[in-house]
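Open the model in your viewer and keep the selection panel at hand. Each stop says what to select and what to look for there.

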Amino acid sequence: MSAAPVNGLQEPSEADTADAASKKAVKYDSGARDLEKVTDYAEEKEVISVDQFQGAMSIIGDRRNREAAEKRAKENELMKVSIKKEDVDLIVKEMEIPRNLAERTLRVHHGSVVNALIALTN
């Protein structure tokens, strides 16, 4: 028994239904492939950006370590400079500054009271 058109519309046959389903599946597969390409690209970009971030962090860490080592070396050099207690007392009394600042300024100026006072007044 053939299907009679209802209201001028004919019901789709099994072949038409199968074709529509296969077209839908192809369209879905195509969309899934496109989505997969996009997500793969995004994941690759994430991995690259994470690697770049870690590289930048290691460079920053290396620079900080190098600067800290240079600062320690400079402080060790300054500690080798001999200064007189009387000179430190004079600068602390006259300039009214903390003792550690007076000592450091004297060490930077190799124990020269005149140069240390000039540096502190400028």
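Is Asp89 buried, partly exposed or exposed? Select Asp89 and show its side chain: at 27% relative accessibility, the residue counts as partly exposed. Keep in mind throughout that this is a predicted model.

**Stop 1: around Asp89**

Add Arg99 to the selection. The side chains of Asp89 and Arg99 meet in a salt bridge, at 2.4 Å from N to O. This pair links distant parts of the chain, with Asp89 in helix α2 and Arg99 in helix α3, ten residues apart. Arg99 is also partly exposed, because its relative accessibility is 37%. Now add Lys85. Salt bridges that share partners join Lys85, Asp89 and Arg99 into one network.

**Stop 2: the whole chain**

Zoom out and switch to cartoon. The secondary structure comes to four helices and zero strands. Read from the N terminus, the order of elements is α-α-α-α. Color by accessibility next. Of the 122 residues, 10% count as buried. The protein exposes about 10400 Å², and carbon and sulfur atoms supply 56% of that area. For the contact map, take pairs with a separation of 6 or more: residues 24 or more positions apart account for 41% of those contacts.

**Stop 3: the core**

Which residues make up the largest nonpolar core? Select Val88, Ile91, Ile97, Ala102, Leu106, Val113 and Ala116, seven residues in total. Helices α2 (85-95), α3 (99-108) and α4 (113-121) each supply at least two residues of this core. Color those three helices separately to see the contributions.

Center on Ala116. Leaving out residues up to four places away in sequence, Ala116 touches Ile91, Thr105, Leu106 and His109. Of these contacts, Ile91 and Leu106 are listed in the core as well.

**Stop 4: Thr105**

Move from Ala116 to its contact Thr105. Thr105 sits in helix α3. Is Thr105 buried or exposed? Thr105 is buried, because its relative accessibility is 10% and the cut-off for buried is under 20%. Show the backbone here. The Thr105 side chain reaches the backbone oxygen of Leu101 at 2.8 Å. With residues up to four places away in sequence set aside, Thr105 touches Ala116 and Leu120.

**Stop 5: the other salt bridges**

How many salt bridges does the structure hold? The count is four. Opposite charges can pair when the charged atoms of the side chains come close.

Select Arg104 and Glu75. Their side chains meet in a salt bridge at 3.0 Å, N to O. This pair also links distant parts of the chain: Arg104 is in helix α3 and Glu75 in helix α1, 29 residues apart. Both ends are partly exposed: Arg104 has a relative accessible area of 34%, and Glu75 has one of 29%.

Now select Glu77 and Lys80. Glu77 forms a salt bridge with Lys80, and the closest N and O atoms are 3.5 Å apart. Glu77 and Lys80 are separated by about one helical turn, because they are three residues apart in helix α1. Glu77 counts as partly exposed at 48% relative accessibility. Lys80 counts as exposed at 63%, because the cut-off for exposed is over 50%.

**Stop 6: the loop after α1**

Select Ser82. This residue lies in the loop between α1 and α2. At 65% relative accessibility, Ser82 counts as exposed. Draw a distance line from Ser82 to Glu103. Their C-alpha atoms are separated by 10.0 Å, while the two residues are 21 residues apart along the chain.

**Stop 7: a surface patch**

Finish on helix α1, residues 14-80. Which residues form a nonpolar patch on the surface? Select Phe53, Met57 and Ile60, and turn on the surface. Together the three have about 300 Å² of accessible area. Center on Met57, which lies in helix α1. Met57 is partly exposed, because its relative accessible area is 44%.

Conventions
Residues numbered from 1 in each chain as written. Predicted model: local features only at pLDDT ≥ 70, side-chain atom pairs only at ≥ 80, totals over all residues. Heavy atoms only, no water. Core = buried A, V, L, I, M, F, W, Y, C linked by side-chain atoms within 4.5 Å. Buried < 20%, exposed > 50% of the residue type's maximum accessible area, 1.4 Å probe, protein only. Contact = heavy atoms within 4.5 Å. Patch = residues over 30% accessible without salt bridge, like charges linked within 9 Å, V, L, I, M, F, W, Y side chains within 5 Å. Areas by Shrake-Rupley, 256 points an atom, 1.4 Å probe, with all protein chains shown as cover. Polar contact = N/O pair within 3.5 Å; in protein donor to acceptor, adjacent residues only side chain to side chain.
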